[in-house]
Amino acid sequence: MNSEYRSIARILSTSDAPNIVAEVASDLFARWQPTSQLPRELVHLGRYVGTMRARSASATKDSARCIDSLLRAARDTQHTACVAALAFAGGLAIALDTMRAIEVFAVLAQRVCEECPRYAPLCVEVSAQLGSMRGVAELLAARGCVLGALVDTALEGERAADLITEIIYASSSSFADSVRVVHSVHAMAVALVVGGELDGGPRLLAMLRVLESVLLRFFENPHDSSPRPLWPVIVDCLALLYPSVLHQYGRDTPPGAFRGACSLVVGYGGDPAAIRTLFAGQPSLLMAPGDVGVRRADIVLFYLDIFEHLAPSLDTRVVEELVLPLATKYAGKEALEYPGAAWFESAHALILSVLESSGPVDTRSELLGLVVWYSDLVVDLYMDRLISPQLLCISYTAAVRATGQLSLAWERVTKLLALVDLFTASRGGVRGEIEKAKRSELLLAVADLLGAVPLELLPQLTFELQRRVGGGDQALVDYCMDVVLDKADLARKPVLTKWVWQLRADAMCIGKL
């Protein structure tokens, strides 16, 4: 203990005169001068005095009255001296662990947060040492300014996140308090991006935990529309923090708080106004990939990923006007060069999510153009060896399944069949082997359409496919069987089952299998 506090400690811990104890304590608080450091010595002093008084309180009524005098002196302190009183009262609360002491600490915490908010981190340090953080959190939650000051000045690590999340969860915590919290975190996240800083340390985790706690407290019920205006702010917070998450943890292993927050965001869903707010707040979402900086590209990657999961619940017009233009910018081969494969893959995942969630596309919808554009794109990418045969099958099938017109669906099928016919299975040499492999891969993509084309087109498709199975391609026959068993719906399964068994039987009869 500091030498100047030893005589004071002796008086405060041994005197049986409540008025003297109160006078000495008040003088101690008044003489304290603000510094850049937290007054931790006063916390130690309060803890020492509280420990000594607790030992003797049961023996003498005077000691108990002195404790009350100390708490009253601390509570009645005003202006700058309340910082010293807060530190001392915090030490007393740690030692005494009584509701009376904790209440005085909470009163002083409110006063400090109002008048000297830069000392708010002192509340965190003391609260972390109290027996029940939840109890003090309930008291602090009733004093709204405490939560805001803690987020603004003390959100630096795990202990601060523990206290702030407890306050958010407290029954007396209001939604208005959490609104201020989210906006404060958003301002911090903006500062990180504008300043070019990648914060992957304790502060990042603390910010993510606070966002997750707000989502858990107010956004678990998607039918409750009252917190909806705050949803885009939280989403944008996560987007702004994503560059730091990528830098520290990588794309595949983000921290649990980030995964939890994203899951809650998706579960609550976004309305058209919220999505438009997001695009208005992030100009990089509307830019060409080449015009987006590295840090902003990471933010775009977050939005590509989050919209993939939100797509089934989004308004069709918002998808057509905002989400799809974003995805199509990054789905071409140019995106592989900049910003990279992750953006390319996410864009394709988003487009597939839109196609799979849209159902048969209305003839008036702009999504009809997407079907044509995307099926052509994936064929071109496949021919340039930029995507795998598996992705060609998945993407082309999704596009055909989303087609609402028989004529367009068949036009997409014949386009793929024409591509198959460009390659021959009879040519010899290395080139012949390459063409044979390419033909087989394309035939697998055609076979995948057995589970996607409208029922009216099945007879035509099976006829065209059977014409091209010449040579008894066992792998193709087996793949057709897999499509029938795993991907065909009940309406088409009987017809296709009969067809594929006949295909197998015919091949066996001529000794091809």
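The protein in this predicted model has 26 helices and zero strands. Its radius of gyration is 34 Å, while the globule rule gives 24 Å for 513 residues, so the protein is more spread out than a compact globule. The C-alpha trace spans about 110 × 45 × 45 Å along the principal axes.

Burial and surface come next. Of the 513 residues, 53% count as buried. The exposed area of the protein is about 22,300 Å², and carbon and sulfur atoms supply 53% of that area. Contacts can also be sorted by separation in sequence. Among contacts between residues at least 6 apart, 74% join residues at least 24 apart. The protein carries 48 positive and 58 negative charges, and the mean positions of these two sets are 3 Å apart.

Helix 4 can serve as an example of a single element. Helix 4 covers residues 61-75, which makes 15 residues. From first C-alpha to last, helix 4 reaches 21 Å, close to the 21 Å expected at 1.5 Å a residue. Which residues of helix 4 are buried? They are S63, C66, I67, S69, L70, L71, A73 and A74. A general point about helices helps in reading this list: an α-helix has 3.6 residues a turn, so residues three or four places apart point the same way.

The loop that follows, between helix 4 and helix 5 (81-96), holds H79. Phi of H79 is near 60°, a positive value in a residue other than glycine. Is H79 buried or exposed? With a relative accessible area of 59%, H79 is exposed; the cut-off for exposed is over 50%.

R385 also has a positive phi, near 60°, and is likewise a residue other than glycine. Its place is the loop between helix 20 (367-383) and helix 21 (389-401). R385 is exposed, with a relative accessible area of 63%. The table sets out the values for these two residues.

| Residue | Phi | Relative accessible area |
|---|---|---|
| H79 | near 60° | 59% |
| R385 | near 60° | 63% |

Another loop contains a cis peptide bond. Where in the chain is P339 placed? P339 is in the loop between helix 18 (334-337) and helix 19 (341-358). The peptide bond from Y338 to P339 is cis, and its omega is near 10°.

How values were computed: Residues numbered from 1 in each chain as written. Predicted model: local features only at pLDDT ≥ 70, side-chain atom pairs only at ≥ 80, totals over all residues. Heavy atoms only, no water. Helix = DSSP H or I, 4+ residues; strand = E, 2+ residues; numbered from the N terminus. Rg over C-alpha atoms; globule rule 2.2 N^0.38 Å. Buried < 20%, exposed > 50% of the residue type's maximum accessible area, 1.4 Å probe, protein only. Contact = heavy atoms within 4.5 Å. Areas by Shrake-Rupley, 256 points an atom, 1.4 Å probe, with all protein chains shown as cover. Lys, Arg positive; Asp, Glu negative; His and termini not counted. Charge placed at Lys NZ, Arg CZ, Asp CG, Glu CD. Expected span 1.5 Å × (residues − 1).
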